[in-house]
Amino acid sequence: MSESVEQTASRLARFGDEAGPGTAYLLVVDNDSSSIFHLPHTGAIVIGRGNDVELKVQHASVSRRHAVIVHRGGRAVLLDDRSLNGIYVNGARVGESALRDGDAIVIGHVSLRYVEVTGG
C-alpha cells in the first residue's frame, strides 16, 4: 500500500472532513498491511491504482480506476468503474451497492471494510 495513516489524515484534512460521529471510513487490508481512509461527507472518491485517484491501492488485480464511492440520498454508494475484476460486497459481485456499516468489500485481491462512526 502506498498510503500511510499520516497521508490518510492529510487527505482527510484536504476534504474538510473530521473524524467523529456521523462519519465513515474504509479499513483497507492488503496482504499484511492495513490503513484507514476517512470518507468525506460529499463528493466522490475514486479507488484504484492510477495516479488520479483519491484512494490509491497498489495491487496488480486492481484497475487504474476500479471503483467509485458517491453520496446518494444520504448514503455512501459503491460503484464499479468498469473494472476488469469487478467489486464484491459481502461475497456477491455487484455493479452498485448502497453501503452499510460493517460491509465487507473486495476490490481485486484487496479487502476493505466500510465502517460508520455513530454516537458521541
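**Strand β10.** I started with β10, residues 104-107, in this predicted model. The side chains alternate along the strand. Ile 105 and Ile 107 point to one face and are buried. Ala 104 and Val 106 point to the other face, and neither is buried.

**Partners of β10.** Next I looked up which strands pair with β10. On one count, β7 (residues 87-89) runs antiparallel to β10, with three bridges joining them. Within that pairing, I noted Ile 105 as the bridge partner of Val 89. β11 (residues 110-117) is also antiparallel to β10, and here I get four bridges. Ala 104 stands opposite Arg 113 of β11.

**The turn.** How many residues sit between the strands in the hairpin of β10 and β11? There are two, and Gly 108 takes a positive phi near 60° in this hairpin.

**Core.** Ile 105 came up again when I pulled the largest nonpolar core, which has 23 residues. Along with Leu 26, Ile 47, Leu 55 and Ile 69, Ile 105 is listed as touching the most other members. Which strands supply at least two residues each to this core? My list reads β1 (23-30), β2 (33-39), β3, β5 (67-72), β6 (75-80), β7, β10 and β11. I also logged another core that lies apart from this one; it has six residues, including Val 46, Val 53, Val 68 and Leu 79.

**Leu 26.** I then took Leu 26 and skipped its neighbours within four places in sequence. What remains in contact with Leu 26 includes Ile 47, Leu 55, Ile 69 and Ile 105, the other residues named with it as touching the most core members. Leu 26 also contacts Ser 35, Ile 36, Phe 37 and Leu 39, as well as Leu 112, Arg 113 and Tyr 114.

**Glu 54.** Is Glu 54 buried or exposed? I have its relative accessibility at 18%, so Glu 54 counts as buried, the cut-off being under 20%. Glu 54 sits in the loop between β3 (45-48) and β4 (55-56). A polar atom of the Glu 54 side chain lies 2.8 Å from the backbone nitrogen of Val 46, and Val 46 is one of the six residues in the other core. I also checked Glu 54 against Ala 44: they are 10 residues apart in sequence, and their C-alpha atoms are 8.8 Å apart.

**Confidence.** Last, I checked pLDDT: the chain mean is 84, and 80% of residues reach 70 or more. Residues 1-21 fall below 50, though in the model this stretch has 36 contacts beyond near neighbours in sequence. Where pLDDT is low, the predicted coordinates should not be read in detail.

Note on methods: Residues are numbered from 1 along each chain as its sequence is written. Side-chain values use heavy atoms; hydrogens and water are left out. Buried means under 20% relative accessible area, exposed over 50%, partly exposed in between (1.4 Å probe, protein chains only). A polar contact is a pair of N or O atoms within 3.5 Å; within protein, one must be able to donate a hydrogen and the other to accept it, and residues adjacent in sequence count only if both atoms are side-chain atoms. pLDDT is the predictor's confidence in each residue, from 0 to 100. Contact means heavy atoms within 4.5 Å. Two strands pair if DSSP finds at least two bridges between them. A nonpolar core is a set of buried Ala, Val, Leu, Ile, Met, Phe, Trp, Tyr and Cys residues joined through side-chain atoms within 4.5 Å.
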